[in-house]
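This briefing goes through one protein structure by topic. The sequence and the model come first, and the notes follow.

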Amino acid sequence: MSRPTGSALMEKIVALSKRRGFIYPASDIYGGLNGFWDYGPLGTQLKNNLRDRWWRDMVECPPIGPDGSPLQIVGLDSSIIQNPRAWEASGHLGGFNDPMVDCRESKRRYRADHLMVYRHDKDLPWFAFMEGEGESIHKKMKKAGVNPEICTVATYLEMSADAYPRIVGPDTKVPGSLTEPRQFNLMFKTFVGATTGEDNVAYLRPETAQGIFLNYKNVLDTSRVQLPFGIAQVGKAFRNEVTPRNFIFRSREFEQMEMEFFCHPDQAEMWFEYWSQSRLAWWQAQGVSKKNLILRQHDKEELAHYAQEGAGTCDVEYRYPFSGDGYGELEGIAHRSNFDLGRHQQFSKTKLEYFDPQTRERFLPHVIEPAAGLSRGVLVLLAEAYDVDESRPSPELMRFHPHLAPLKLGIFPLTKKDGLPDIAEKLFMDLRKKYTCQFDIKQGIGKRYARMDEAGTPFCITVDHTTLEDRTVTVRYRDTGAQERIAIDHVSTFLHGHLG
Ligand code: ATP
């Protein structure tokens, strides 16, 4: 068996994730809950490692700017629940509350619950029509060789995602132009306090970005940042997605890593270009192969309301196992102009302008936003790492980049006798202070190596009888299975060399 692709690869990743404690369905013992996932011991560590890398490279040690000096980026941790006025200002509360379907070709929009579909079991397209208008498309169907008499009718909401490409929209002739149903207001509603009246309604944030805009003035007034500067935040976001799918790719609760970079409007295009390239390079530095990543500029019609003006939006996209020959979004880099600060200034009646002491200019900064999915990032790491090596007794292994691997080191005594466990345990007690290690004494050495391969642990150290003679241990490399002997006193230096 070689490394599978497509849906077979997805199935393997989901199965291994559950079996090895990366990711479980949420509320598993109750049959799960669609769109929610729990991270197990290995998954939590993997996710935290990715989050910590992002934080380090964004906040603690930000990139070098075009002028050769480090950028100023500070951290934030804002509330999940904010004053509901904030969501009015941001535009999240406006618009329709019903799931809507867009036609990419005719540019028309339909209420998903009013959109019906003629289905049949022939190898021909299915046809969508507006409720009560079925007859109006019979001519079109017959021309395509489909007899309406043999069809059954269902609503568009009942369609599974893989049916969308075969459906012809009400106002088009070719299949595949209808989008998935999307709710305009995807926010989860809740109530603050003991009463459940309209006055107490609040929302779980659908993005971490707005918490940053709400604190822009606080940060400016209380820290020494000057334009251009960034505010970064990692945290949960909630969207009541109409069709959660593809494992953790589209879920209803997920984590984001977002940074709002405030700059002078004249410099926005330059920073947009800078951040687009810089974010693509960052994902490559996490071990994601170049051939699976692209930067894609949004078409004008695709742009979100906040990105209509200016340099637009560019996505870092990944070739997910379910994307076929295409790609799916991993991170979006948007030029949000001064949309958010302008709206919050208007709604809160608080001045949010920036005063430049040098030019004595007063203005609303523009914003470039690199917004990445931490949960989607974990899926990318799992998909990149999964591999099959038939030459091993247990062929599945995870080739994580060593700095992201949940466990850095497995430490084993070869047998339970002759004092080997004591030596191995001492090594473990020393190294665990610096690296995530696992001490494993159960079963044969082959099984222990296989367990570590599945967990993606880059190195294993075995203490054996030769250790008693010359104080050397065996190091085994996950990726090649190669082994070599090193002095027990050099294990720490060895790891430092490989992991930093
Ligand atoms: P999509 O078009 O896939 O719905 P989006 O453009 O609405 O995504 P943004 O609002 O730009 O997403 O959010 C930034 C990042 O958050 C995305 O690039 C993605 O990685 C992540 N993200 C958004 N929605 C979800 C979701 N439902 N589940 C998991 N991650 C998500």
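Pro228 lies in the loop that runs between α6 (216-222) and β13 (229-238) of this predicted model. The peptide bond leading into Pro228 from Leu227 is cis, and its omega is near -10°. Most peptide bonds are trans, and most residues other than glycine have a negative phi. Two residues with a positive phi are described next, followed by the overall make-up, the helix packing and the cysteines.

**Backbone: Ser337**

- Ser337 is part of strand β17, which covers residues 328-337.
- Although Ser337 is not a glycine, its phi is positive, near 50°.
- Ser337 has a relative accessible area of 8%; this is under the 20% limit, so Ser337 counts as buried.
- Apart from neighbours within four places in sequence, the residues in contact with Ser337 are Tyr306, Glu309, Gly310, Pro365, His366 and Val367.
- One of these contacts is Glu309; the C-alpha atoms of Ser337 and Glu309 are 6.7 Å apart, while 28 residues separate the two in sequence.

**Backbone: Gln443**

- Gln443 sits in the loop between β24 (437-439) and α11 (445-455).
- Gln443 also has a positive phi, near 65°, and is a residue other than glycine.
- The relative accessibility of Gln443 is 47%, so this residue counts as partly exposed.

**Overall make-up**

- The protein contains 13 helices and 27 strands.
- Of its 500 residues, 50% are buried.
- Taken along the principal axes, the box filled by the C-alpha atoms is roughly 85 × 70 × 50 Å.
- Considering contacts between residues at least 6 apart in sequence, 64% are between residues at least 24 apart.

**Helix α9**

- Helix α9 has 12 residues, numbered 374-385.
- The expected span of α9, at 1.5 Å a residue, is 16 Å, and the C-alpha atoms at its ends are 16 Å apart, so the two values agree.
- How many of the 12 residues of α9 are buried? The count is 11, and α9 is described as mostly covered.
- Among the buried residues of α9 are Leu374, Arg376, Gly377, Val378, Leu381, Leu382 and Ala385.

**Helix packing: α2 with α9**

- Two packed helices are described by the angle between their axes and the distance between the axes.
- The axes of α2 and α9 cross at roughly 115° and come within 10 Å of each other.
- Angles of 65 to 115 degrees count as roughly perpendicular, and α2 and α9 are therefore placed in that class.
- The α2 and α9 crossing is right-handed.
- On the α2 side, this contact is made by Leu46, Lys47, Leu50 and Arg51; on the α9 side, by Leu374, Gly377, Val378, Leu381 and Leu382.

**Helix packing: α2 with α7**

- Helix α2 covers residues 41-60, and helix α7 covers residues 268-285.
- These two helices pack at an angle of about 140°, and their axes are 12 Å apart.
- α2 and α7 are therefore oblique to each other.
- The crossing in which α2 passes α7 is right-handed.
- Which residues of α2 and α7 meet? Leu50, Arg53, Trp54, Asp57 and Met58 of α2 meet Trp275, Arg279, Trp282 and Trp283 of α7.
- Leu50 takes part in the contact with α7 and also in the contact with α9.

**Cysteines**

- A disulfide is a covalent bond between the sulfur atoms of two cysteines.
- The number of disulfides in the structure is 0.
- Why does Cys103 form no bond to Cys151? Cys151 holds the cysteine sulfur closest to that of Cys103, but the two sulfurs are 20 Å apart, which is too far for a bond.
- Cys103 is buried, at a relative accessible area of 2%.
- For Cys314, the closest cysteine sulfur is in Cys263; because the distance is 16 Å, the two are too far apart for a bond.
- Cys314 counts as buried too, with a relative accessibility of 5%.

Note on methods
Residues are numbered from 1 along each chain as its sequence is written. This is a predicted model: local features need pLDDT of at least 70, side-chain atom pairs count only at pLDDT 80 or more; totals for chains, interfaces and linings use all residues. Side-chain values use heavy atoms; hydrogens and water are left out. A disulfide is a pair of cysteine sulfur atoms within 2.5 Å. Buried means under 20% relative accessible area, exposed over 50%, partly exposed in between (1.4 Å probe, protein chains only). Helices (H or I, at least four residues) and strands (E, at least two) are DSSP runs, numbered from the N terminus. The expected span of a helix is 1.5 Å times one less than its number of residues. Axes are lines fitted to C-alpha atoms, for helices over the stretch in contact, and angles run from 0 to 180 degrees between N-to-C directions. Angles under 35 degrees count as roughly parallel, over 145 as roughly antiparallel, 65 to 115 as roughly perpendicular and the rest as oblique. A crossing is left-handed if the near helix is turned anticlockwise from the far one by less than a right angle, and right-handed if clockwise. Contact means heavy atoms within 4.5 Å.
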